[in-house]
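Dear colleague,

Please find below the structure that I am handing over to you, together with its sequence. My findings come after it.

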Amino acid sequence: MEVYIAIDFGTAFTGYCFKFSESKQVRQPKWGEEYGLYTPKTPTCILFDEDENFLKFGYEAVMTYTRQTRKNEAKKLFLFDNFKMELFGKELHRDFMMTAKNGKEMRAMKVFSESLKFMKDHALDMIGKHTAGVTYSASDATWVLTVPAIWSAAAKQFMREAATEAGLVAESEPERLIVALEPEAASVWCKQLPKEGFMEGDLTEAEIIEEVPGTQYMVVDCGGGTIDITVHEVVEGGHVKELHRVSGNNLGGQTVDKNFKAFIREIFSEKVFDEFEKHHPSELQRLMYDFSICKRYDGEVLVQCPYSLQQIASKVDDIEAYFSRDNDVDWESGQILLSGAKLKDLHEDSVRGIESLMKEILKKPTLNIRYIFLVGGFALSPYVNRFVKEKFGSKCQVLCPVDAQMAVVNGAVMFGMMPNVVESRISVFTYGIAVVHFFDKIKHKGKSKYVSKDGVHYCDVCFHCLVKKDESVPFDEAEQYIFNALEIDQREMPFSFYCTEKETAEFVDEEGMRKIGSLAVSMPKISQGRNRSVILEIKFGFTEMQATATDVDSGETTSVKMDFMSR
């Protein structure tokens, strides 16, 4: 029996679920029972010892670090939390380093792969409990790993390599791992839900959305790190097509946490807070965790103030005095009381970020969006939920699934079983490759020149467009291109891939042009000299680009691994 396992590796929380191909049921574990908690996800938090050996992941990492570790011990340990966003907007390479809470560095690839290895082992262990006597190993499963829609090709590749290093898939079987975009996975889940699957009173029609072709909807995935938006239209057979390129920003729920931390620093003064942060990292961790739970409540909230912060602060001034300067915060015997107005204020940056993304899409005259699906853990925040309903509820029906934070991972399992569910996608960039043209003194004036061994002059920075920005690309459509050898004894043909936000471009050295990857194809037979060609076939329509190159003479076809990382 085939098993599908989806891992939603989130900024704040991580979870997984699995489904057997013959079964209707999607199963998932509950986390934190030993701490009196019962949640569908566990904190994305990992702990290593001083020699960089893996210790704990999730609640166990948080609790070990915050409750069982003495102050001087904590400084030796490597604790990483909310580290997923380290992959956003950075130049990535395999030896890229990340800083732990103790200020020391560690290879990011190790932090990500050990986290995924923990989830893999936990999942296989749980599946073993559900299958009488049948043991499943990683290679028996099809894995689905979710990533934000706004991740770069390099960040997706980084996650794929981390998953390979973690043992989810072997290098020889990359097809056993599907990288799914978070809002797409959520879309797959939401479109098939009956009205009982949404918050009370959200959906008034009796019909299931995927049963009405032509229905257009927007998915707003509010995560801890990112806000991701996609727009789909239902087509026949339960499939969808993308109507607007994915968009998003990095103003997820963590932005509220950052604002809270800045506000506490302001109340207690930088001097007091910096001393607390430096000497009591585990207590700060606890404070931030306590606050993250408060985000789900409406109105005023109480947050436990760490004992050491009280001690440091009271050396400088009476504790009540810190709170007399601000009407939105009060001291309640060891606890910080935040007013509802203050909590709303801490949400302001995120909420404005969500609003501007949604407005940008809804003003498109060609779209006729009927529903807005609000998913992700941060969608459960009453401030986010209420804001979207008030702002956009008159234009569209705003629907929030009952288990909004599980929409991505539940949908990811279904996506794994039907990877062609999104029939076509809108290209976010204009993609192309660098090619050479005969040097034209007028057209190529001032441009880089390459002179071949037999003295022919070429311009080697010309851009050959493969796909234009905003172009709709079918899921299974492969584009074919033929390229000829430049030198008579050339034994391989290199390709360099570029992307730009411009719709048209002529040269790869233009402003806004980014090199995103490269590949090389071997051409072992050189007897035909320059009269040799390579056929390059590229699929752009899936969540990751796939390329195949064929050397016409030798007939060798290689599925070429594109390298999107800088080294």
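The notes that follow take up a pair of helices, a group of strands and two individual residues. Please bear in mind throughout that this is a predicted model.

**The helix pair**

Helix H6 spans residues 254–268 and helix H8 spans residues 281–294. Their axes come within 10 Å and cross at roughly 125°. An angle of 65 to 115 degrees would count as roughly perpendicular and one over 145 as roughly antiparallel; H6 and H8 are therefore oblique to each other. The crossing of the two helices is right-handed.

As for the residues that meet there, H6 contributes Val256, Asp257, Phe260 and Lys261. On the side of H8 they are Leu284, Leu287, Met288, Phe291 and Ser292. By character, the residues of this contact comprise six nonpolar, one polar and two charged.

**The strands around E25**

Strand E25, residues 492–500, is mostly covered, as seven of its nine residues are buried. E25 pairs with strand E20 (residues 430–438) in the antiparallel sense, over four bridges. E25 is also joined to strand E26 (residues 514–522), again running antiparallel, and here there are eight bridges.

Phe497 of E25 is a useful residue to look for in the display, since a bridge leads from it to each of these two strands. Its bridge partner Ile433 belongs to the pairing with E20, while Gly517 is its bridge partner in E26.

**Two individual residues**

Is Ser187 buried or exposed? This residue, which lies in helix H5 (residues 182–190), has a relative accessible area of 1%. The cut-off for a buried residue is under 20%, so Ser187 is buried. Apart from neighbours within four places in sequence, Ser187 is in contact with Tyr217, Val219 and His232.

Asn53 is found in a loop, between strand E4 (45–48) and strand E5 (54–57). Its relative accessible area is 40%. That value falls between the 20% limit for buried and the 50% limit for exposed, so Asn53 is partly exposed. When neighbours within four places in sequence are set aside, the contacts of Asn53 are with Leu47 and Phe48. Between Asn53 and Glu114 there is a separation of 61 residues in sequence, and their C-alpha atoms are 9.6 Å apart in space.

With kind regards

Technical notes: Residues numbered from 1 in each chain as written. Predicted model: local features only at pLDDT ≥ 70, side-chain atom pairs only at ≥ 80, totals over all residues. Heavy atoms only, no water. Axes fitted to C-alpha atoms, helices over the stretch in contact; angles between N-to-C directions. Parallel < 35°, antiparallel > 145°, perpendicular 65-115°, else oblique. Left-handed = near helix turned anticlockwise from the far one by under 90°. Contact = heavy atoms within 4.5 Å. Nonpolar A, V, L, I, M, F, W, Y, C, P; charged D, E, K, R; others polar. Buried < 20%, exposed > 50% of the residue type's maximum accessible area, 1.4 Å probe, protein only. Pairing = 2+ DSSP bridges.
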